[in-house]
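Hello,

Here is the structure I promised to pass on. Please open it beside this email, and my notes follow below.

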Amino acid sequence: MTNEIAYKTSAGVCNDIDKQEINRVPSGGSERIVQLRALIDRYNYQYYVQDQPTVADAEYDGLFRELQTLEGRYPELLLSDSPTQRVGSAPLKSFVEVSHQTPMLSLNNAFSSDEVRAFDKRIRETLGLDTVEYAVELKFDGLAINLSYRNGIFVQGATRGDGSTGEDVTENLRTIRSLPLRLADALGHVFNADIEVRGEVLMSTRDFEILNAQQLIKGEKAFVNPRNAAAGSLRQLDSSITAQRRLSFYAYAIGGCTVVDLPDCQSAQMDLLQHWGMPVATFRRVVTGVDGLLEFYREMGAQRATLPFGIDGVVYKVNDLALQRQLGFVARAPRFAIAHKFPAEEALTTLLDIDVQVGRTGALTPVARLAPVFVGGVTVTNATLHNEDEIRRKDVRVGDTVIVRRAGDVIPEVVASVKAQRCADAQEFIMPLVCPVCGSHVTRELDESAWRCTGGLFCPAQRKQALLHFASRRAMNIDGLGDKLVDQLVEAHLLHTPADLYRLNMEHVASLARMGEKSASNLLDAIAQSRKTTLARFIFSLGIRNVGESTAKDLARHFGNLDSLMAADAECLQQVQEVGPVVATSMVNFFAESHNLEVIKQLRTLGVFWTEQTVQRDLPLAGKTFVLTGTLASLSRIDAQTALEAMGARVSGSVSKKTDYVVAGVESGSKLEKARQLNINVLTEDEFIKLIKGT
């Protein structure tokens with residue numbers, strides 16, 4: 001027999017093999033291997049997914065050892081989805097990057113009932129519906145993961161990373177016993193298609209307590225909370241260590257699938273994943289309207305403390321997938337979904353002191369130094385006080401007993417002081433008149449709450465952060481220029497502004513501590529390669545306040561060249577889409593500073609360049625909004641969008657009164673109907689091709 005034998009099993013399969021049958025099978029050979037795998041997979045599913053063990057540990061261990069022995073005797077029958085392949089493999093040197101076929105987006109957050117009502121109102125108004133059906137589920141406090149199955153067999157798993165690229169943690173994921181290595185239905189029929197499954201890896205409260213007890217016995221540091229324990233376990237280079245830690249997995253979405261007739265709603269797709277043996281949380285349902293959303297939120301909040309794993313909120317998704325596509329996305333989050341976060345946990349502690357930190361933009365931020373306190377699952381010693389106005393409003397003083405909260409379960413903040421416990425020598429906070437880092441004067445604009453250092457690029461605090469931002473992946477993308485190296489270069493007085501990066505030579509870099517000739521050469525090569533960039537990246541790299549990556553792209557498309565952008569006044573800047581008075585003021589102020597203009601001049605003199613773009617307002621389709629629907633035979637959706645944007649058009653995901661044209665391909669749906677209702681120009685594929693060729 002060879003490994004062409006197909007056995008009907010998965011982590012979620014309960015087929016017709018039972019103990020009596022397997023005991024009648026001869027103790028050697030391929031048939032015994034097949035049936036042992038089936039029985040062990042069934043026991044794994046009952047224990048790790050259903051939490052209903054049906055066999056004693058000793059009996060399970062005996063079957064597992066027998067399977068290992070037989071697979072060792074018949075290595076040609078060893079398959080990647082055998083339950084014995086969950087014990088880990090040889091340590092890796094590093095994780096390989098993996099590009100996600102479809103981006104793994106984050107969710108916008110709601111922290112109040114009013115924000116949820118506003119979300120539902122936006123959805124209804126956009127769709128033109130009186131009520132909307134939602135799929136509601138838990139928001140796990142774990143790590144987002146993307147699983148790839150080929151012909152039903154698990155082949156790769158990756159972390160979310162930046163949403164586009166994650167880390168390959170396949171071997172570590174194989175060790176999670178609730179994660180099926182093969183997808184099959186309840187009858188054992190193997191799912192023969194390619195699919196991406198999105199989900200969350202986490203550690204239960206019980207398993208976290210067991211792990212920390214083991215850590216203490218071994219004299220090792222205990223983990224702070226289950227999420228950190230899960231993250232640390234999943235990112236072990238030695239997967240055999242991961243295998244020793246009981247991680248769990250729950251699926252929450254299908255990322256992509258070669259099956260064309262998938263269910264057309266979120267809830268049914270979750271049912272289908274469960275049918276294929278994928279672990280899916282039981283705390284999910286379909287509700288109608290905002291009242292159903294808030295009822296689910298209250299119910300889960302009441303049960304939160306009794307759940308076997310950590311959650312930090314619930315998630316609401318428009319259930320109809322066609323409506324999801326109609327709603328589309330904004331920035332890095334979908335419009336059709338939102339996370340409703342639970343109130344942050346709070347605790348009391350003593351405010352020992354207030355320090356002032358200087359940020360990349362020169363903003364002075366007061367930071368509370370606290371007596372250590374455990375809150376929201378972590379030990380907190382520092383917390384933000386936001387700004388001087390907040391300190392005055394809350395009347396927080398050094399020496400006070402204060403309430404500390406982890407806002408959104410992420411950022412620790414001081415909520416208030418307990419006046420009844422204030423000591424007689426509690427001291428009021430006074431904002432320093434000079435920068436605590438460089439000694440420059442600090443100023444505060446009338447419409448701002450923050451004080452700012454006037455030292456600009458001369459302030460070491462701003463200098464280092466400005467250099468790191470300039471070299472970051474989404475800016476000039478200088479690989480290898482990290483925190484420690486920037487610290488060394490600044491402290492060696494080799495870097496004062498971003499322009500100094502392009503003055504570095506081998507002698508400068510190789511002389512630094514722990515920097516060999518090869519590493520120095522790699523860094524200099526990366527700096528040299530960064531000279532060729534794009535206008536959008538360059539604008540973003542300058543670190544202009546309120547100008548993010550998306551705004552930088554809009555500015556580049558609108559102005560086409562840097563000189564026009566630098567010369568623009570606030571009124572001109574506000575003609576750019578998504579640029580309002582705040583961003584425009586930041587831009588004008590930035591380019592009004594002579595030292596900023598000097599740095600830009602030096603960068604261009606030292607060889608930083610990009611291809612100037614055609615000014616968007618001069619393009620043939622400038623100001624026109626298009627919506628693409630259906631399938632185009634002659635080009636992909638991405639190619640069509642690229643062609644339109646290259647001619648100045650804006651491509652939207654939904655039809656509205658502002659839409660100028662709808663391009664209708666094969667199997668166009670509700671967007672085409674809405675376009676006809678609104679009397680919007682509808683183009684066939686042939687008409688669309690003629691339009692873009694003609695313009």
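Which strands each supply at least two residues of the lining of the second largest cavity? They are strand S3 (133–140) and S8. Bear in mind throughout that this is a predicted model.

**The cavity**

The structure holds 3 cavities of 30 Å³ or more. The second largest has about 40 Å³ of space. Its lining consists of Glu137, Leu138, Phe140, Ala251, Tyr252, Met270, Ala281 and Arg284. S3 gives the largest share of that lining, with 3 residues. By class, the lining has 6 nonpolar and 2 charged residues, and no polar ones.

**The sheet**

S8 also belongs to an open sheet of 4 strands. The order is S5-S4-S7-S8, and the pairing is antiparallel. Strand S5 (153–159) and strand S8 (248–257) are the edges, each pairing on one side only. From one strand to the next, the twist averages 30 degrees.

Look next at strand S4 (residues 143–150) and strand S7 (residues 195–202). These two pair in the antiparallel sense over 7 bridges. Ser148 stands opposite Glu196 in S7.

Two helices go with these strands. Helix H7 (residues 226–234) packs on the sheet and touches S4 and S7. The direction of H7 makes about 40 degrees with that of S4. Helix H9 (residues 266–275) lies across S7 and S8. H9 runs at about 120 degrees to S8.

**Two glutamines**

Gln269 lies in helix H9. Is Gln269 buried or exposed? Its relative accessible area is 8%, under the 20% cut-off, so Gln269 counts as buried. Leaving out residues up to four places away in sequence, Gln269 touches Ile254, Leu262, Pro263 and Leu321.

Gln427 sits in the loop between strand S18 (411–417) and strand S19 (442–443). Its relative accessibility is 52%, and the cut-off for exposed is over 50%, so Gln427 counts as exposed. Gln427 still has contacts: it touches Arg397 and Val398, again not counting residues up to four places away in sequence. Asp400 is 27 residues from Gln427 along the chain, and their C-alpha atoms are separated by 8.7 Å.

**The pocket**

Now for the second largest pocket. It holds about 1000 Å³ of space. The lining has 35 residues. Which of them lie nearest the centre? Thr361, Arg452, Arg545, Asn589 and Phe590 do.

Several elements each supply at least two residues of this lining. They are strand S20 (451–453), helix H13 (460–471), helix H21 (581–592) and helix H22 (594–605). The pocket lining has 13 nonpolar, 14 polar and 8 charged residues.

**The chain overall**

The secondary structure comes to 25 helices and 24 strands. The chain has 695 residues, and 48% of them count as buried. Take the contacts between residues at least 6 apart in sequence: 67% of these join residues at least 24 apart.

To find your way around, begin at S8, which is an edge strand of the sheet and supplies at least two residues of the cavity lining. Then go to H9, which lies across S7 and S8 and holds Gln269. From there, move on to Gln427 in its loop between S18 and S19. Finish at the second largest pocket, with Thr361 among the residues nearest its centre.

Best wishes

Notes
Residues are numbered from 1 along each chain as its sequence is written. This is a predicted model: local features need pLDDT of at least 70, side-chain atom pairs count only at pLDDT 80 or more; totals for chains, interfaces and linings use all residues. Side-chain values use heavy atoms; hydrogens and water are left out. Two strands pair if DSSP finds at least two bridges between them. Axes are lines fitted to C-alpha atoms, for helices over the stretch in contact, and angles run from 0 to 180 degrees between N-to-C directions. Contact means heavy atoms within 4.5 Å. On a 1 Å grid over the protein atoms alone, a cavity is a set of points where a 1.4 Å probe fits but cannot get out, and a pocket is an open set with protein on both sides within 12 Å along at least five of seven lines; lining residues have an atom within 4 Å of a point. Grid points are joined across faces, edges and corners, and a volume is the space filled by probe spheres set on the points. Ala, Val, Leu, Ile, Met, Phe, Trp, Tyr, Cys and Pro count as nonpolar, Asp, Glu, Lys and Arg as charged, and the others, Gly among them, as polar. Buried means under 20% relative accessible area, exposed over 50%, partly exposed in between (1.4 Å probe, protein chains only).
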